[in-house]
Amino acid sequence: MRLNHLSLTNFRNYARLELGLSDRLTVFQGANAQGKTNLLEAIHLLATGRSPRVGAERELINWLALESSLPYARLVAEIGAAGDAPTERLEVVLELARTPAPGGGGGNGPVVRKQVRINGVPKRGLDLIGRLRVVLFLPEDVSLVAGAPTERRRYLDIALCQISASYCRALGEYNKVLSQRNALLRRLRDEGGDSGQLAFWDDQAAEHGSVLLQRRAHAVSELNRLAAERQRDLTGGAERLQLGYLPSPDPAKVIASRSATGGDRFAFETAAREQTAGWLLAHLRATRGRDVAAGSSLSGPHRDDMAFTVEGHDLRTFGSRGQQRTAALALKLAEVQMMREATGDMPLLLLDDVMSELDAIRRRTLLDALAQVDQALVTTTDWDDFTPELLAQARRWQVAQGALERVTA
Ligand SMILES: Nc1ncnc2c1ncn2[C@@H]1O[C@H](COP(=O)(O)OP(=O)(O)OP(=O)(O)O)[C@@H](O)[C@H]1O
Ligand SMILES: [Mg+2]
């Protein structure tokens, strides 16, 4: 699978862009604020249906276009499958629509309507995921290690959704069930009533939640194995990185609280999915009282987290900024490998301005990793971040104010 062509209309600072991308390696160079990250953002949006940056979707539409009567942005990716499989055309249109206010008041302000088409046929946003698989590394990804648990869950979800459609479905269902269950918990807390009403939502949460717990447990153990190798390369053997899955509910803690004598710890990796569902259901039932008192679901995969440790020290609190960055990079490179092992296909690697902050060993490791992928798009402010040999293999573009110019010399 390869991204062959990208077209953008009114996306961020690109009023119009047609870009052929069939090369294995493409490097974009430009000064700050010219549109390098915007380019990778567009590709990520086409791959996952979402921007990797936080912020309102209306910010994705070109500011000048916002002045027009029907503001929209259009993104199109043409993907060439391996061999002679037919190519695919992924299209996302973001349209600014003014919503009529209920009751004819002042209105809710403009909303962005997202339309997705695949080969010209209207589809849901979810249907995009998994067609163009990407691994994106942004400078701010250091917060994957240091930031809030939400970011790490989001990271796992995007990676796993790209690998597995059934994971993505389970995630969507779980989130729906969770908000229904929480609404009922609030009602039970505020108005009282029979907590037996939770039975249906507990069943559903256990059913879908067990898929998340198992797949995440499996993925983190894969990532742990692969990231440790990458970290070893990146640090010249100096650091041993360990990733740990911190599930909710945590089998270790559940056992501790249920029986002082312990007993066998429940293990997601070896359990059948139905067993995990049964285990989660038992936990949800046993902790209903607590959930009702809180008016929300205190445990479940929506509370999962991941730990990063080096030699037993938690990088979230003890890691230097550089260590956190290296661990995040090792994780992303591990993800590339995990995706290839899971799907048989190399994802597209998108690296945003990553070289400038790395020392010599880390740079060399990264360049080695670049040599191993089928396709990579890399941005930089400085050509000197790359060796002449690497640049000679790459197609090069200069980015200035939302326009690209081919560099051949
Ligand atoms: N909706 C929009 N319409 C027009 N321009 C926008 C829009 N959103 C962002 N921009 C502009 O895009 C530019 C930033 O682009 P981008 O983040 O891709 O820069 P960059 O080349 O990656 O820079 P850096 O090297 O600093 O990371 C800024 O000048 C910003 O004002
Ligand atoms: Mg940038």
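Student: Which residue follows H1, and what is its phi?
Tutor: Keep in mind that we're looking at a predicted model. Right after H1 comes glycine 49. Its phi is positive, near 85°.

Student: How far apart are the end C-alpha atoms of helix H1, and what should the helix span?
Tutor: H1 runs over residues 36–48, so that's 13 residues at 1.5 Å a residue. The expected span is therefore 18 Å, and the end C-alpha atoms agree with that, being 19 Å apart.

Student: How many residues of H1 are buried?
Tutor: Buried here means under 20% relative accessible area. H1 is mostly covered, and the count of buried residues is 13 of its 13.

Student: Which element gives the most residues to the shell around ligand 1?
Tutor: There are 16 residues around ligand 1, and among those that come nearest are Lys36, Thr37 and Asn38. Helix H1 covers residues 36–48. The top contributor to the shell, with 3 residues, is H1.

Student: How do the shell residues around ligand 1 divide into nonpolar, polar and charged?
Tutor: Ala33 and Arg53 are also on the list of those coming nearest to the ligand. For the shell around ligand 1, the split is 4 nonpolar, 8 polar and 4 charged.

Student: What distance separates an oxygen atom of ligand 1 from the side chain of threonine 37?
Tutor: Look at the backbone partners too: a nitrogen atom of ligand 1 lies 3.2 Å from a backbone N or O atom of arginine 12. Isoleucine 61 also offers a backbone N or O atom, 2.8 Å from a nitrogen atom of the ligand. With threonine 37 it's a side-chain N or O atom, and the gap to the ligand oxygen is 2.7 Å.

Student: And how much of ligand 1 does the protein bury?
Tutor: Taken alone, ligand 1 exposes 650 Å². Of that area, the protein buries 77%.

Student: Which cysteines does the disulfide join?
Tutor: Searching the whole structure turns up 1 disulfide. The S to S distance is 2.3 Å, and with 105° about the S-S bond the link is right-handed. The partners are cysteine 161 and cysteine 168.

Student: Is cysteine 161 buried or exposed?
Tutor: The cut-off for buried is under 20% relative accessible area. Its disulfide partner, cysteine 168, has 8% and is buried. Cysteine 161 has a relative accessibility of 7%, so it counts as buried.

Student: Where is proline 249 found?
Tutor: Serine 248 and proline 249 are joined by a cis peptide bond, with omega about -5°. That's worth a look because most peptide bonds are trans. As for the location of proline 249, it's the loop between strand S9 (241–246) and helix H7 (251–258).

Student: Is aspartate 353 buried or partly exposed?
Tutor: Aspartate 353 is in the loop between strand S12 (348–352) and helix H12 (360–372). It has a positive phi of about 45° although it isn't a glycine. Its relative accessibility is 23%, so it counts as partly exposed.

Student: Is glutamine 401 buried or exposed?
Tutor: You'll find glutamine 401 in the loop between strand S14 (395–400) and strand S15 (403–407). Its phi is near 50°, a positive value in a residue other than glycine. The relative accessibility of glutamine 401 is 68%, so it counts as exposed.

Conventions. Residues numbered from 1 in each chain as written. Chains lettered and ligands numbered in written order. Predicted model: local features only at pLDDT ≥ 70, side-chain atom pairs only at ≥ 80, totals over all residues. Heavy atoms only, no water. Helix = DSSP H or I, 4+ residues; strand = E, 2+ residues; numbered from the N terminus. Expected span 1.5 Å × (residues − 1). Buried < 20%, exposed > 50% of the residue type's maximum accessible area, 1.4 Å probe, protein only. Near = heavy atom within 4 Å. Polar contact = N/O pair within 3.5 Å; in protein donor to acceptor, adjacent residues only side chain to side chain. Areas by Shrake-Rupley, 256 points an atom, 1.4 Å probe, with all protein chains shown as cover. Nonpolar A, V, L, I, M, F, W, Y, C, P; charged D, E, K, R; others polar. Disulfide = S-S within 2.5 Å.
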